[in-house]
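This report goes through the fold, the interior and the charged side chains of a single chain. The sequence and the model come before the discussion.

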Amino acid sequence: MKLQGEAKLLRIFIGEADHWHGKPLHEAIVLEARRFGLAGVSVFKGFEGYGAHSRIHSSKILQLAEDLPVLVEIVDAEEKIREFLPVLDQMVQEGLITMEKVEVIRYLPKERS
C-alpha cells in the first residue's frame, strides 16, 4: 500500500484503565485499525495529564498512577479514517478524539518474509 501526500492524523486520548470487551482499550483500537487495513497506528503512554474531570493522573501519585494517559495515533487517507470513526464512537466511552491534516512525506512498509 502506498500512502503519500495529504492524509489525516487521528489522535485518540484515553486512559490506561479504559477497556473494551475485556481488553485494554488501546490494544482493542490497534486490533480494529489493523482489521480495517489502516496504514499505521502507534500508542504512547503518558506520565502525567488530566482530562474532562480535571483530575491529574500522574506516575507520582500512587492511586492515580494506574490510569495514566494513553495516546493512540492513526495515519491514513481521509476516507479510510472517516470510515473508522463509527467504530471508535462505539469503543471510546470517555476520552477525546481529534483529527488534523498531515502531509505524508514517506511511507514504505516493510516487505514481509
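In this predicted model, Ile12 touches Ile29, Val70, Leu71, Val72, Ile74, Leu88, Val92, Leu96 and Ile97, when residues up to four places away in sequence are not counted. Ile12 also belongs to the largest nonpolar core, a set of 17 residues in which Ile12, Ile14, Ile29 and Ile74 have the most contacts. At least two residues of this core come from each of β1, α1, β7 and α2 (78–91), and α2 gives the most, with 5 residues. In soluble globular proteins, nonpolar side chains tend to be buried together. Over the whole chain of 113 residues, 29% are buried.

The chain comprises 2 helices and 8 strands, which follow one another along the sequence in the pattern β-β-β-α-β-β-β-β-α-β. Of the contacts with a separation of 6 or more, 75% are between residues 24 or more positions apart.

Four of the strands form an open sheet in the order β4-β7-β1-β8, and their pairing is antiparallel. Because β4 (40–45) and β8 (96–104) stand at the edges with a single partner strand each, one side of each is left without a neighbour in the sheet. From one strand to the next, the twist averages 20°. The antiparallel pairing of β4 with β7 (residues 69–76) extends over 6 bridges, and Gly40 stands opposite Val75 in β7. Helix α1 (residues 25–35) packs on this sheet, where it touches β1 (5–15), β4 and β7, and its direction makes about 10° with that of β7.

The charged side chains can be taken next. Side chains of opposite charge can pair when their charged atoms come close. There are 6 salt bridges in the model, and three of them are set out below.

| Salt bridge | Closest N to O distance |
|---|---|
| Glu73 and Arg11 | 2.7 Å |
| Glu100 and Arg11 | 3.0 Å |
| Asp76 and Lys80 | 3.8 Å |

Glu73 lies in strand β7 and Arg11 in strand β1, so their salt bridge ties together parts that are 62 residues apart in sequence. Glu73 is buried, with a relative accessible area of 18%, whereas Arg11, at 24% relative accessibility, counts as partly exposed. The pair of Glu100 in strand β8 and Arg11 in strand β1 ties together parts that are 89 residues apart in sequence, and Glu100 counts as partly exposed at 34% relative accessibility. In the remaining pair of the table, Asp76 is buried, with a relative accessible area of 2%, while Lys80 is partly exposed at 24%. Through shared partners, salt bridges join Arg11, Glu73 and Glu100 into one network.

Lys8, which has its place in strand β1, is buried yet has no salt bridge, and the nearest side chain of opposite charge, Glu78, is 4.3 Å away. Since a salt bridge requires a side-chain nitrogen within 4 Å of a carboxyl oxygen, the distance of 4.3 Å between Lys8 and Glu78 does not qualify. Among the residues that Lys8 touches are Ile74, Val75, Asp76, Glu78 and Met99.

A last point concerns the backbone. Most residues other than glycine have a negative phi, but His21 has a positive value, near 50°. His21 is found in the loop between β2 (19–20) and β3 (23–24), and its relative accessibility of 68% makes it count as exposed.

Methods
Residues numbered from 1 in each chain as written. Predicted model: local features only at pLDDT ≥ 70, side-chain atom pairs only at ≥ 80, totals over all residues. Heavy atoms only, no water. Pairing = 2+ DSSP bridges. Axes fitted to C-alpha atoms, helices over the stretch in contact; angles between N-to-C directions. Contact = heavy atoms within 4.5 Å. Core = buried A, V, L, I, M, F, W, Y, C linked by side-chain atoms within 4.5 Å. Buried < 20%, exposed > 50% of the residue type's maximum accessible area, 1.4 Å probe, protein only. Lys, Arg positive; Asp, Glu negative; His and termini not counted.
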